[in-house]
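Please walk through this protein model with me, from its overall layout down to its cysteines.

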Amino acid sequence: MARYSSKINKIRTFALSLIFIGFIVMYVGIFFRTSPLIMTIFMILGLLFIIASTIVYFWIGMLSTKTIQVKCPNCGKHTKMLGRVDMCMYCREPLTLDPNLVGKEFDESFNKNSEK
């Protein structure tokens, strides 16, 4: 079975990985100390990854303020929900606001608009 997590946590994890990728790219640039041009390119590229991470964190922060907060029926904590189906941020309980999807097996494809 695939391991699901809430959409907000997935995006935050992506932003955190951009920071680490930026640092790794900068460290690779140190190996080219003899060539200032290549080292500078790696440093700027790493900085761009970190700036991209900041933009993603800002975007998900703004998106997070507009989400619907629901109370998880399993753990009782309030969690933020994006889309028609999502997972609880704390206990990974499948959540939905669509009465047609209650009781169905969790599938992230329910969030895609299908004209059938």
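The fold comes before the helix pair and the cysteines.

This is a predicted model, in which local features need pLDDT of at least 70, side-chain atom pairs count only at pLDDT 80 or more, and totals for chains, interfaces and linings use all residues. Residues are numbered from 1 along each chain as its sequence is written, and side-chain values use heavy atoms, with hydrogens and water left out.

The protein chain has two helices and four strands. These are DSSP runs, helices being H or I of at least four residues and strands E of at least two, numbered from the N terminus. From that end, the order is α-α-β-β-β-β. Of the 116 residues, 26% count as buried, meaning under 20% relative accessible area; exposed is over 50% and partly exposed in between (1.4 Å probe, protein chains only).

Now the helices. The axes of H1 (residues 7-30) and H2 (residues 36-65) come within 7 Å and cross at roughly 170 degrees. Axes are lines fitted to C-alpha atoms, for helices over the stretch in contact, and angles run from 0 to 180 degrees between N-to-C directions. H1 and H2 are therefore roughly antiparallel, a label for angles over 145 degrees.

Last, the cysteines. A search of the whole structure finds zero disulfides, a disulfide being a pair of cysteine sulfur atoms within 2.5 Å. For Cys 72, the nearest cysteine sulfur is that of Cys 91, 3.5 Å away. Cys 72 is buried, at 2% relative accessible area. Why is Cys 75 without a bond to Cys 88? The sulfur of Cys 88 is the closest cysteine sulfur, but at 3.8 Å it is too far for a bond. Cys 75 is partly exposed, at 31%.

Notes
Parallel < 35°, antiparallel > 145°, perpendicular 65-115°, else oblique.
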